[in-house]
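Subject: Structure handover

Hi,

Here is the structure I promised to pass on. Please have a look at it first; my notes on what was found follow below.

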Protein chains: 2
Amino acid sequence: MSLNVSGYKRGCSLTELKEKIIETSLTLFDQHGFHGVSVNEIVKACGTSKGGFYHHFSSKDELLFVIHDYFITYVLIKAQEAISESTHPTEKMQKIIQSFVKVFDLYKPHISVFYQESIYLKPPYVEAIKKKRQMYKEIIFSVIKEGIDKGIFRSELPVEITGMSILGMVNWSYKWYKRDGGKTIDEIGDIYVDLILNALLTDKQKEAEIT
Amino acid sequence: MSLNVSGYKRGCSLTELKEKIIETSLTLFDQHGFHGVSVNEIVKACGTSKGGFYHHFSSKDELLFVIHDYFITYVLIKAQEAISESTHPTEKMQKIIQSFVKVFDLYKPHISVFYQESIYLKPPYVEAIKKKRQMYKEIIFSVIKEGIDKGIFRSELPVEITGMSILGMVNWSYKWYKRDGGKTIDEIGDIYVDLILNALLTDKQKEAEIT
DNA sequence: CGATTGAGACCGACTAGTTGGTCTGTACAA
DNA sequence: TTGTACAGACCAACTAGTCGGTCTCAATCG
């Protein structure tokens, strides 16, 4: 629940308003887009004021950055956990997908804002985010490469395009996934894993996997 | 090249400005987003005026709709052509993907605007676009269903999620594809087809396909 | 034939409203 | 007293959209 991550001790209600602003603007941005919501609307929805807002954020753009950074940092950590827990590329891939897909359930508005509004990030912020996005891609790429090197994934696969295909397939969920749809997020994750492994594994490995 | 589709005779330069406004705003929206570009900036970039703009469009929102509608209509026609040309589900899927992927090369800004800015479409317009998007999805779903019914695609695949996976994988290209990247759009399309068919086909069919 | 007319294409100053952001003031805790 | 956390009136800049006017040119008329 808490966005505080510093680990420093702090007065118990110090950033209460800051968190409320983030949570509120997140749902508002999700519904109407970054430019579809004014600072006035945010503060009204929070029951606070312009003063309150600009006490915690230097600009509306900084708020957008904070949302972006919080999300990508979280996802990055989860992916690193996923690959460090396993040794087998198949298992790594499985863990990454399943952990990422869970994020769609927990942080849907974060994701929507992340993918929809990142063009509006101003230069000082955009580089920081780009860097972390690239790190995430590299994790996927490295798993594919490892799988190919070990003869588990098909050797004719181009690493980067295959990686982007997987990312695209999973990321696109934010456009259509709804919590009250027919399938749970875990079921959807399993389907993704099934499709991806069928696309990646060599025929020999596939036989081995089934048994 | 021409957006004119009415079939009515018209003076040869009648809608020249309208097309220029569309083309110009397309690249501007692609770079800065719908709300990142003002009407003043559009008319300045076109060398025209407010009057010129509002002579052709009733509002900035209508311009956004025209861009959306032009693109989705084009894609829809291409997909219908693709499935009517073939009888075999595998071939249909292949044709759809390859024709769609070509669009990324030809209409990159259209696509970016289509996926990024559709939340800003106003109610009268948004329904019209939604309808056509749904039609496109149905085409994909029907091909998958047909493949399963004919025993060509794996029967355990859930039609809709598989369809959305394919759509996501291909659509996501708009986030990263660049014309001067390492691969041509046709090569990328072939990789997509390879991944998708490996994910969908039954083992028996795969053997048959290779020979 | 030339003159008249009128409709569509376009111009650009203008407006009413909104935007992100500032600044002074206040309540309260240490 | 001093610093933090917030309030809300205020502002300059910008926004989408309007409206009276001009120009061009084809159709009509004498």
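Let me begin with the fold of one chain. Chain A has 11 helices and 0 strands, where helices (H or I, at least four residues) and strands (E, at least two) are DSSP runs numbered from the N terminus. Along the sequence its pattern reads α-α-α-α-α-α-α-α-α-α-α. The C-alpha trace of chain A spans about 65 × 35 × 30 Å along its principal axes.

Some housekeeping before the details: this is a predicted model, in which local features need pLDDT of at least 70 and side-chain atom pairs count only at pLDDT 80 or more, while totals for chains, interfaces and linings use all residues. Residues are numbered from 1 along each chain as its sequence is written, chains are lettered from A and ligands numbered from 1 in the order in which they are written, and side-chain values use heavy atoms, with hydrogens and water left out.

Next, salt bridges (a side-chain nitrogen of Lys or Arg within 4 Å of a carboxyl oxygen of Asp or Glu). The count over all chains comes to 24. In one of these salt bridges, the side chains of Asp69(A) and Lys132(A) meet at 3.1 Å, N to O. This pair links distant parts of the chain, 63 residues apart: Asp69(A) sits in helix H4 (residues 60-85) of chain A and Lys132(A) in helix H7 (residues 123-149) of chain A.

How are the two protein chains related? A rotation of 180° with 0.0 Å of shift along its axis superposes chain B on chain A, with an RMSD of 0.1 Å; the fit is by least squares on the C-alpha atoms of residues with pLDDT of at least 70 in both copies. That is the relation of a two-fold axis.

On to the interface. Chain B and chain A each give 34 residues to the contact, meaning heavy atoms within 4.5 Å. Of the interface residues of chain B, 100% are also interface residues in chain A, so the copies meet through the same surface. About 3,000 Å² is buried between the two chains, and carbon and sulfur atoms give 65% of that area. Buried area here is the accessible area (1.4 Å probe) that two parts lose on being put together, summed over both. On the chain B side, Ile161(B), Trp172(B) and Leu195(B) lose the most area to chain A, together 21% of what that side buries.

The rule finds 2 salt bridges across this interface. Arg154(A) forms a salt bridge with Asp194(B), with the closest N and O atoms 2.9 Å apart. H10(B) brings the largest share of the side of chain B that touches chain A, 8 residues. That side has 18 nonpolar, 10 polar and 6 charged residues; Ala, Val, Leu, Ile, Met, Phe, Trp, Tyr, Cys and Pro count as nonpolar, Asp, Glu, Lys and Arg as charged, and the others, Gly among them, as polar.

Finally, the DNA. Around DNA strand C there are 16 residues, the closest being Lys50(A), Lys60(A), Thr48(B), His55(B) and His56(B); a residue is near the strand if one of its heavy atoms lies within 4 Å of it. Sugar and phosphate make up 55% of the atoms of DNA strand C that come within 4 Å of the protein. Phosphate oxygens of the strand lie 2.7 Å from a side-chain N or O atom of Lys60(A) and 2.8 Å from one of His55(B). A backbone N or O atom of Val39(A) is 2.8 Å from a phosphate oxygen of DNA strand C. H3(B) gives the largest share of the surface near the strand, 4 residues.

Best wishes

Methods: A polar contact is a pair of N or O atoms within 3.5 Å; within protein, one must be able to donate a hydrogen and the other to accept it, and residues adjacent in sequence count only if both atoms are side-chain atoms.
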